Amino acid sequence: MRRNTHPQPLPCVDPIPSYAAAKQKGAAVQNNPHTTLITPDAPVATITHGGRAKCLQRLVRLDMPVPRTVALSFETVQAIADGHVPDIERILEQFDPTVLLCVRPSSEDPDWGGPGAVLNVGMNDARYVDLSDKMGADAAAALYLRFVQTYALHVARLDPDVFDDLLEDGQQGLSDTLRAYEEETDEPFPQDPGEQLAAVLQSMARAWDGTTARLLRQAKGAPADAGLGLVVQQMIPGLGRGECGSGVMQLVDPTTGQPQITGRYLSQSQGRDALGAGTGALYLARDERGPSLEDVAPEAYAELQQHAKLMRHKLREEMQVEFVIENGHAHILDGVRVPRSSRAAVQIAVRLAEDGIIPPQEALMRVDPHALNELLHRQVHPDAERDVLTTGIAASPGAATGQIVFTAAEAQASAARGEPCILVRRETSPEDVRGMHAAAAVLTEKGGMTSHAAVIGRGLGLPCIVGASGLRFVTKKRQLMAQDGRVFQTGDVLTIDGTSGQVLAGQPQMLEAALDDSFQTLMTWAEAECDIGIRANADTPADAQTAQNFNVQGIGLCRTEHMFFEPGRLTVMREMIFAQTPKGRAAVMERLLPIQRKDFVQLFRIMGGKPVCIRLFDPPLHEFLPTNRTGQRELAEALDLPVSDVERRVAAMSEYNPMLGLRGVRLGVTVPEIYDMQARAIFEATLEASQEGEPVVPEVMIPLVSACREVELVKTRIDAVAASVASEQGRDFDYRLGVMVETPRACLRADEIAPHCAFLSFGTNDLTQMTYGLSRDDAGRFMSAYVNQGVFSEDPFHVLDTDGVGELLQLGVQRGRESRPGITLSVCGEHGGNPESIAFCRAAGFDYVSCSPFRVPVARLAAAQLAISHQVGADP
């Protein structure tokens with residue numbers, strides 16, 4: 001391998017004896033801006049040399065014992081990738097010729113990753129002989145062998161199979177590895193440190209430009225043209241008669257975020273690995289706790305603690321200290337942000353703010369809103385082994401383990417026995433809701449992010465995976481078949497990881513939810529910063545209580561149809577469907593009235609006077625009828641009708657496209673008895689709940705409106721019911737009537753509809769479905785292909801389409817406010833809990849968003865971050 005040089009090499013650094021010497025002279029170090037020796041006043045910046053280089057400079061400024069380091073800028077590394085290597089000899093002149101070097105990546109954001117570090121550059125036959133005298137032949141051989149293998153795999157790009165049959169340690173292993181390298185490359189292993197360093201720099205620079213690396217970092221939010229810097233650092237040999245070794249230390253547990261000294265330490269003196277034991281010391285890893293680092297090198301241990309504390313205070317972050325101990329003295333190789341789980345991120349941010357190191361606003365900005373989902377639900381432990389059967393759409397976060405069941409009835413029976421279960425369905429329907437309530441998690445073959453199972457799962461805080469097409473659902477045999485041939489049937493144990501979308505066999509270790517004091521503190525700070533309201537979608541008292549626990553500002557959507565699917569109510573609902581006359585339907589509705597009224601009283605009492613927006617009945621009636629012969633026979637018995645009559649009625653009510661058929665306001669116009677009963681239940685509940693607590697002002701919402709006349713017809717009947725209730729009970733009350741805007745025409749005609757309403761609530765689930773002409777239940781089958789091929793940038797049911805659907809929303813806002821300036825505007829679809837979508841809603845001028853209860857903290861934090869960013873951006 002030959003050194004690749006450029007006809008006009010980039011200027012390199014001027015040789016400087018040491019940091020101490022430079023400091024004593026008190027003179028600024030004149031470094032080339034592209035290749036720079038890191039000194040306290042060297043021209044190093046994150047945007048030119050990367051985060052690692054800048055952090056090392058900060059450590060140098062704090063007078064920490066950092067080995068000599070040279071930083072290569074983004075521009076230099078790009079030139080190296082293009083084949084223009086700077087003067088390697090001038091770089092080597094910055095170091096003692098007897099030391100080994102390591103090369104590490106330095107990207108602008110550490111989360112963007114980079115090529116792996118290469119250690120022990122400069123190791124050759126001569127250094128092997130020298131180190132054999134100091135540390136023993138076997139130890140020197142192991143050091144040399146590791147470098148040769150790393151160089152062969154990552155620089156020379158040899159196949160790993162070349163070394164499979166060779167010894168992994170010892171002098172013979174080294175000899176065999178060097179021979180194998182020479183046979184494979186037709187040249188001996190390079191002995192010139194300059195040649196080694198040039199090849200390592202080229203390899204790492206080109207790896208950053210590779211297609212796979214580029215796609216991986218772009219997935220983490222890096223721009224396509226993100227640059228890479230490299231740092232070349234002197235390695236501390238860690239040799240001597242005193243305690244010697246290397247490791248990392250941090251002051252917090254990376255999983256919990258609790259204050260706790262953890263890390264790992266490899267003691268060269270003892271020859272054993274020492275791991276963080278979490279009791280204020282680092283212990284040797286063996287069957288019983290051995291002597292700690294604090295025991296064998298107390299001064300170094302105390303020094304490391306002080307360095308970590310100083311980093312935390314001065315760098316305003318919990319840092320992981322990478323160190324080497326040589327003869328009992330500590331050297332700091334690097335400081336990196338402590339890797340952390342979501343719960344640890346919250347703990348760390350809040351503690352830094354409470355300790356006065358950062359302001360609360362910055363603590364809010366440091367927590368990813370998406371990551372809060374992991375705090376709100378149980379999760380598969382990060383260290384658990386995963387037996388992955390398939391990966392579907394992660395529709396509702398959290399993880400749960402249970403026995404497979406295939407029907408809602410089986411789920412209820414399992415819950416009655418106290419046995420957690422996983423409800424497996426091809427796709428769920430409203431009559432499966434009671435089974436979903438009983439299950440620990442849900443798995444479906446079909447569906448997307450806004451399918452029935454996904455929406456209800458998120459509302460219940462129930463882990464859910466939809467669109468799991470990698471499994472074969474053999475429902476007749478009550479079986480699931482994996483691609484590897486394994487068959488799972490009723491009673492077998494699966495784990496649903498709704499956060500990652502993975503279906504796992506067996507029962508991995510779990511991590512419990514963590515709604516601790518730090519979480520509550522963060523939410524309090526977020527609420528103080530929000531400038532857009534956050535409500536919850538809640539259909540039951542349990543949902544409402546969950547929302548209230550998160551201190552939500554009200555209920556933005558209560559889907560009343562879910563109240564009718566409990567067994568006792570379902571039969572009555574079916575009787576109403578089979579009634580032949582308005583009088584007959586009204587009589588049946590009278591039986592549902594007290595049940596519905598009780599539901600609303602509970603909701604109003606739980607919310608304690610906060611607004612509750614109740615959507616009137618929305619789904620097509622056929623969803624309440626059984627689709628199979630067994631269910632139809634049971635219904636015939638319950639209603640005392642011939643099975644043939646039931647079959648004819650079911651057939652008569654079927655529609656080619658029921659989601660665009662007789663549902664929503666169309667039912668309110670053609671079967672008004674349903675809305676009459678619901679309005680009466682709402683108003684009677686209003687008066688009852690207002691007697692015991694804060695005055696209730698219910699919000700009554702008409703769904704699926706597309707014409708002004710629909711609103712006029714329904715409003716007339718609801719106003720009449722309100723007047724009747726007030727007259728009967730001798731008490732007046734207030735209520736607000738509004739429209740759920742979920743058809744494109746309602747957006748376009750918002751100026752005609754708004755004068756009849758107190759509010760317009762935009763249902764983006766159906767609006768997206770109708771705008772795209774996509775079924776939200778079926779789109780999951782091909783959506784990933786569309787996103788991968790760039791047809792859609794994101795799944796529009798997951799992230800709001802701000803162009804097409806967004807333009808309709810903006811037109812609705814503009815025209816609605818023009819005709820009624822004081823009207824309340826909101827978004828109550830699932831997009832209301834998506835951080836990216838909330839940014840659009842806030843900018844468009846919506847008063848509030850409403851989302852599933854367990855997404856309220858996510859929405860609140862996202863809204864707070866937007867408000868803080870706006871304040872910062874508005875400052876001169």
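Let's start with a helix: H16 (residues 408-416) lies across two strands, S15 (399-405) and S16 (421-425). Against S16, the helix runs at about 180 degrees. Keep in mind that this is a predicted model. Below is a quick tour of the sheet those strands belong to, then a pocket, then two residues with an unusual backbone angle.

**The eight-stranded sheet**

- S15 and S16 are part of an open sheet of eight strands with mixed pairing.
- Reading across the sheet, the order is S13-S23-S22-S15-S16-S17-S18-S14.
- The edges are taken by S13 (388-391) and S14 (393-396). Each has a single partner strand, so one side of each is left without a neighbour in the sheet.
- On average, neighbouring strands here are turned by 30 degrees against each other, ignoring direction.
- As for what holds such an arrangement together, strands of a sheet pair through backbone hydrogen bonds, either parallel or antiparallel.
- At one edge, S13 pairs with S23 (residues 502-505) in the antiparallel sense, over three bridges.
- If you want a spot to look at in that pairing, try Val388, which stands opposite Leu504 in S23.

**The second largest pocket**

- This pocket has a volume of about 1100 Å³.
- A total of 44 residues line the pocket, and the closest to its centre are Leu119, Met235, Ile236, Ser246 and Val324.
- Helix H7 (residues 137-154) gives the largest share of the lining, with six residues.
- Sorted by class, the lining has 23 nonpolar, eleven polar and ten charged residues.

**Two residues with a positive phi**

- Asp63 is not a glycine, yet its phi is positive, at about 60 degrees.
- You'll find Asp63 in the loop between helix H3 (51-61) and strand S2 (69-72).
- Is Asp63 buried or exposed? Asp63 counts as exposed because its relative accessibility is 55%, and the cut-off for exposed is over 50%.
- Asn120 is another residue other than glycine with a positive phi, this one near 65 degrees.
- Asn120 lies in a strand, S4 (residues 118-121).
- With a relative accessible area of 7%, Asn120 is buried, since buried means under 20%.
- So the pair splits neatly: Asp63 is exposed, whereas Asn120 is buried.

Definitions and conventions:
Residues numbered from 1 in each chain as written. Predicted model: local features only at pLDDT ≥ 70, side-chain atom pairs only at ≥ 80, totals over all residues. Heavy atoms only, no water. Pairing = 2+ DSSP bridges. Helix = DSSP H or I, 4+ residues; strand = E, 2+ residues; numbered from the N terminus. Axes fitted to C-alpha atoms, helices over the stretch in contact; angles between N-to-C directions. Contact = heavy atoms within 4.5 Å. 1 Å grid on protein atoms, 1.4 Å probe; cavity = no way out; pocket = protein on both sides within 12 Å on 5 of 7 lines; lining within 4 Å. Points joined across faces, edges and corners; volume = space filled by probe spheres on them. Nonpolar A, V, L, I, M, F, W, Y, C, P; charged D, E, K, R; others polar. Buried < 20%, exposed > 50% of the residue type's maximum accessible area, 1.4 Å probe, protein only.
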